[in-house]
Amino acid sequence: MKNKGIKIVLIIILAILVIALVNFMIYAIINRNNDYSVKFSLIAFGDNTEKIFEKEYEPGELDRINVDVSSSNVLIEKADVDKIKVTAYGEKDEKINETINNNELSITKSKTKVFIFAMFYWCDEKIIIQVPNDCEQEFNIHTSSGDIAAPNLENNVINLESSSGKIECGNINNGNFKSSSGDITVGNGNEITIQTSSGSIKAGDFNKLSAEASSGDVEVGKVGESTIKTSSGKMLVESAKRLQAEASSGEMDINTIEEYCNLITSSGSIEIDSLNITENSNINAKSGDVDIMSKNDIYIETETDSGDADVTNNNRMSEIVLKITTTSGSIKVD
């Protein structure tokens, strides 16, 4: 019986050593190109959050602000201030690396201590960038597993990217947004490109918009020239002037189309409340229905293999043609 207890203890100790070795190897592989030293500690417990960096900058000395961190949330805040202020919170052994080159501020973060075991442990890792209300800097923010939040930045160019975090932003001028597995929410603006792999997209009114979601829904407001793609999510569009849209297995629900459309869905239906096109357009739903509530005075050309086609007030003399094709879905146009 005594030998059995000793064996159990030895197995537990061996398992601990194996876990520690695996943690060390994983961290070493991920950070093999870093040129800073890392200290390994056995255990972490409780709240380890501390202020690790704080500095102010003159706005006239900066044209661009870059942040590239692994696990910190990044928040951009507007305030009634004269200077740009960067404040970082994290573990006390983390180090903020700051460089300024050609009016470009770059912020990265180095972890100088790694815990082999962390029990009941937490740390609120975040970087806060406080800017004047009239700031015009360009922002390039990248975080691997943190969220990104920004206010209205109508005078700025914004590039935000998070691998597994969500992105939230107010009104902007021009911007690029990318998230691998997080949702993206943006207000109104001029021109924007949005891409997410397994999250949803919600955007307001834009003159030019490109949005792509692999497995999430896409919802946009009033857009001008727009390209929207989703693989397995639903598409909601308030109104569009020129709309290129493609959905593999999701539905399209569009309130208004003004000038032109090219809509394709593989296994979802397409529903349009009001269609007022001024150029020849196309709608193709392979195994879904097409339902248009109202249209302007145009000619509707229909083609379906196994579905019904019902078109009212069809003007064969019109110079504008909308071709609707389905494989196994029905077509209804009022």
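This section describes strand pairing, the nonpolar core, polar and charged contacts, and selected loop residues in a predicted model.

Because the model is predicted, local features were accepted at pLDDT of at least 70 and side-chain atom pairs only at pLDDT 80 or more, whereas totals for chains, interfaces and linings use all residues. Residues are numbered from 1 along each chain as its sequence is written, and side-chain values rest on heavy atoms, with hydrogens and water left out.

Secondary structure follows DSSP runs numbered from the N terminus, with helices (H or I) of at least four residues and strands (E) of at least two; two strands are taken to pair if DSSP finds at least two bridges between them. Strand E4 (residues 73-79) pairs with strand E9 (residues 126-132) in the parallel sense over 7 bridges, and within this pairing Glu77 stands opposite Gln130 of E9. E4 is also joined by 2 bridges to strand E11 (residues 148-150), again in a parallel arrangement, where Ile148 is the bridge partner of Val74.

Further along the chain, strand E19 (residues 218-230) takes part in several parallel pairings. Strand E17 (residues 201-203) is connected to E19 through 3 bridges, with Lys202 partnered by Glu219. Strand E18 (residues 206-213) pairs with E19 over 7 bridges, and Ser210 faces Thr227 there. E19 is in turn joined to E20 by 11 bridges, the two running parallel; Ser226 stands opposite Leu243 in this pairing.

The nonpolar core was defined as a set of buried Ala, Val, Leu, Ile, Met, Phe, Trp, Tyr and Cys residues joined through side-chain atoms within 4.5 Å. Burial was assigned from relative accessible area (buried under 20%, exposed over 50%, partly exposed in between; 1.4 Å probe, protein chains only). The largest such core comprises 69 residues, and those with the most contacts inside it are Ile129, Phe139, Phe177, Leu263, Ile283 and Leu322. Strand E20 (residues 235-247) supplies the largest share of this core, 6 residues. In soluble globular proteins, nonpolar side chains tend to be buried together.

Contacts (heavy atoms within 4.5 Å) were then listed for individual residues. Leaving out residues up to four places away in sequence, Ile129 touches residues including Val74, Leu75, Ile76 and Glu77, as well as Phe139 and Ile141. Val74, located in strand E4, is buried at 0% relative accessibility. With the same sequence exclusion, the contacts of Val74 include Val67, Ile127, Ile129, Ile141 and Ile148. The C-alpha atom of Val74 is separated by 7.8 Å from that of Thr143, a residue 69 positions apart along the chain.

Asn159, in strand E12 (residues 153-162), makes a side-chain to side-chain polar contact with Asn176 at 2.8 Å. A polar contact is a pair of N or O atoms within 3.5 Å; within protein, one must be able to donate a hydrogen and the other to accept it, and residues adjacent in sequence count only if both atoms are side-chain atoms. Beyond its neighbours within four places in sequence, Asn159 is in contact with Glu138, Phe139, Asn140, Ile141 and Asn176.

A search of the whole structure yielded 13 salt bridges, each being a side-chain nitrogen of Lys or Arg within 4 Å of a carboxyl oxygen of Asp or Glu. In one of them, Glu58 and Lys83 have their closest N and O atoms 3.5 Å apart. Glu58 lies in the loop between strand E2 (50-57) and strand E3 (64-69) and Lys83 in the loop between E4 and strand E5 (84-90), so this pair ties together parts that are 25 residues apart in sequence. Glu58 is partly exposed at 36%, as is Lys83 at 35%. Another salt bridge joins Glu94 and Lys109 (3.4 Å, N to O), linking strand E6 to strand E7 across 15 residues. Glu94 is buried at 6% relative accessibility, and Lys109 is buried at 17%. Lys166 and Glu168 also form a salt bridge, at 3.7 Å from N to O. In addition, Lys51, Glu54 and Lys85 are joined into one network by salt bridges that share partners.

The search for disulfides (cysteine sulfur atoms within 2.5 Å) returned 0 across the whole structure. Cys135 is buried at 4% relative accessible area, and Cys261 is buried at 0%.

Two loop asparagines have positive phi values. Asn102, in the loop between strand E6 (94-101) and strand E7 (104-111), has phi near 55° and is exposed at 69% relative accessibility. Asn313, in the loop between strand E26 (309-311) and strand E27 (321-326), likewise has phi near 55° and is exposed at 68%.
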